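Here is a short, friendly tour of some helix packing. Have the viewer open and follow along.

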Amino acid sequence: MAAATSWVERAETLNPEVRPFIDGDYQQPRSDVTFVDASPRDGTTVAEVPNCDAADVDAAVAAARQAFDDGRWRDRSPRSRKRALLRFADAIEAHRDELALLESVDVGKPIADALRTDVPGCANTIRWYAEAVDKIYDEVAPTGPDALALVRREPIGVVGTVVPWNYPLILAAWKIGPALAAGNTCVLKPAEQSPLSALLLGGLAAEAGLPDGVLNVVPGDGPSAGEPLGRHPLVDAIAFTGSTAVGRRFLMYAAESNLKEVALELGGKSPQVVFADCPDPEAAANAIAWGIFYNAGQTCHAGSRLVVEASIEDRLLAGIAETAAALQPGDPLDPQTTMGAIVSAEQHERVSGYLDLGQREATVALGGHTAQPVAGGYYVEPTVFAGVDNRMRIARDEIFGPVLTVHRFDGSPDRAIALGNDTDYGLAAAVWTSDVTRAHRVARELRAGTVWVNTFEVSDLATPFGGYKASGFGGRDRSLHAFDHLTQLKTTWIGLGR
């Protein structure tokens with residue numbers, strides 16, 4: 001408990017920077033309105049944060065526009081940008097404890113996860129794109145001997161990046177890493193539930209030597225800061241991760257302003273399709289439990305729907321319950337905690353409503369209740385609803401909490417595929433089977449951006465991430481494909497006079 005007490009003591013003396021980071025420094029906000037940043041750990045106030053508005057967004061975009069147009073970053077050699085971004089990654093790692101504490105206090109994430117996954121994931125993403133940028137080549141198109149046609153990939157300009165609260169550091173890095181590496185400048189708007197780590201990133205970028213105006217961070221809610229950024233005529237692209245409803249708004253903002261590029265990574269309702277010939281039911285049960293209960297279920301591609309062949313259902317549910325016993329809510333600042341808090345009172349109320357609905361619509365196989373390991377905090381037990389019909393709201397809505405719905409089928413691959421695809425979303429899926437032909441067929445037929453076979457949530461920065469249908473479009477996070485929506489292709493045709 002000594003270590004846990006240490007983190008609690010550090011949290012109690014936390015004095016985070018809350019001012020917007022604009023043009024290379026923290027500035028007094030133009031807006032005099034603030035919002036309360038409360039910790040879901042215990043409901044206490046962490047800080048009063050400026051609710052930046054159109055004036056702050058204008059200042060940030062102006063700084064980013066100037067920094068892009070005068071070439072202070074864009075015109076650097078790829079190797080020079082690489083060196084600066086590597087220093088940025090080093091600075092993130094050097095402030096690991098501070099960033100992890102901000103992340104844990106802000107969103108209720110277990111401190112062990114923040115230290116082990118979120119901060120290293122942020123630094124590794126910046127480093128990966130830094131290493132990639134001087135290894136991307138332009139093209140020479142195949143023409144006749146009378147011409148030379150060059151195809152160059154150029155930075156798109158000022159990129160507005162809007163990220164959610166579930167993985168603030170990692171998702172911010174997924175956006176700004178490739179954007180900055182390509183030579184763009186950025187205005188980052190973190191979610192109002194999780195502004196603190198992003199604001200520190202701004203200062204660390206300056207410390208690492210990124211020029212003024214290249215990375216700007218503006219805290220604020222959607223109407224005050226998000227909409228002005230989405231509508232701003234000097235923003236060339238928006239990279240957004242969040243809900244499908246808000247993603248639609250950003251498309252509208254772009255249509256009603258300057259037709260800026262919009263890349264959307266949105267919600268999910270991912271199926272785990274398990275056949276009776278699953279090669280390792282215990283491993284599958286463990287992966288399914290972690291796939292929905294990790295981060296308290298607040299993961300866009302969480303495996304929230306179990307589509308299981310009837311003959312293996314009972315065995316699988318027993319294994320899920322066994323894993324869930326070690327994934328009970330606890331104090332996020334205790335290093336032994338494996339499942340933390342729901343991010344806010346509002347989200348806790350939303351998930352609680354689905355618990356009540358599930359108890360009326362289906363059978364409670366596990367959990368089904370809220371919890372309170374820390375007084376005043378927002379917590380939910382790992383929950384499994386069995387006997388779920390795909391027409392139920394708990395089957396169709398993205399709950400964004402530790403809630404698994406169970407849908408049984410008779411063993412027919414066609415029925416399993418139909419159930420898996422019977423959703424508005426298409427972010428991820430998994431197939432568990434020993435039949436290699438069936439695995440290939442079902443993986444091909446499932447309409448999802450990522451399909452795992454006999455595993456779940458295994459990933460790498462080298463692989464693209466994004467979805468089909470209401471899970472988004474316009475680009476992919478991760479991999480070299482992230483450059484596609486953050487760059488423009490320019491053809492230069494040179495006549496050779498023959």
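## Helix α3 and its surroundings

A residue counts as buried when its relative accessible area is under 20%. Please keep in mind that this is a predicted model. With that cut-off, the buried residues of helix α3 are Ser80, Arg81, Lys82, Ala84, Leu85, Leu86, Phe88, Ala89, Ala91 and Ile92.

Helix α3 itself runs over residues 78–94, which makes 17 residues. From first C-alpha to last, α3 reaches 24 Å, close to the 24 Å expected at 1.5 Å a residue. What do the buried residues of α3 pack against? Their partners are the helices α4 (96–107), α5 (111–132), α6 (168–181) and α7 (196–207), together with β9 (215–217).

## Where α4 meets α5

Two of those partners also pack on each other. The axes of α4 and α5 cross at roughly 120 degrees and come within 9 Å. Angles of 65 to 115 degrees count as roughly perpendicular and those over 145 as roughly antiparallel, so α4 is oblique to α5. The crossing is right-handed.

On the α4 side, the contact involves Arg96, Asp97, Leu99, Ala100, Leu101, Glu103 and Ser104. These meet Ile111, Ala114, Leu115, Asp118 and Val119 of α5. By character, the residues of this contact are seven nonpolar, one polar and four charged.

## Where α10 meets α11

Further along the chain, helix α10 (residues 281–293) packs against helix α11 (residues 313–324). Their axes are 8 Å apart, and the angle between them is about 55 degrees; α10 and α11 are therefore oblique to each other. Here the crossing is right-handed.

Which residues make the contact? From α10 come Pro281, Glu282, Ala284, Ala285, Asn286, Ile288, Ala289, Trp290 and Phe293, while α11 supplies Arg315, Leu316, Gly319, Ile320, Thr323 and Ala324. The contact of α10 with α11 comprises ten nonpolar, three polar and two charged residues.

## A look at leucine 199

Leucine 199 sits in helix α7, one of the elements that the buried residues of α3 pack against. Is leucine 199 buried or exposed? Its relative accessibility is 0%, so leucine 199 counts as buried.

Setting aside neighbours within four places in sequence, leucine 199 is in contact with Glu17, Val18, Arg19, Pro20, Phe21, Tyr26, Val217 and Pro219. Another residue to find in your viewer is asparagine 216, 17 residues from leucine 199 along the chain. The C-alpha atoms of leucine 199 and asparagine 216 are separated by 8.8 Å.

Terms used: Residues numbered from 1 in each chain as written. Predicted model: local features only at pLDDT ≥ 70, side-chain atom pairs only at ≥ 80, totals over all residues. Heavy atoms only, no water. Helix = DSSP H or I, 4+ residues; strand = E, 2+ residues; numbered from the N terminus. Expected span 1.5 Å × (residues − 1). Buried < 20%, exposed > 50% of the residue type's maximum accessible area, 1.4 Å probe, protein only. Contact = heavy atoms within 4.5 Å. Axes fitted to C-alpha atoms, helices over the stretch in contact; angles between N-to-C directions. Parallel < 35°, antiparallel > 145°, perpendicular 65-115°, else oblique. Left-handed = near helix turned anticlockwise from the far one by under 90°. Nonpolar A, V, L, I, M, F, W, Y, C, P; charged D, E, K, R; others polar.
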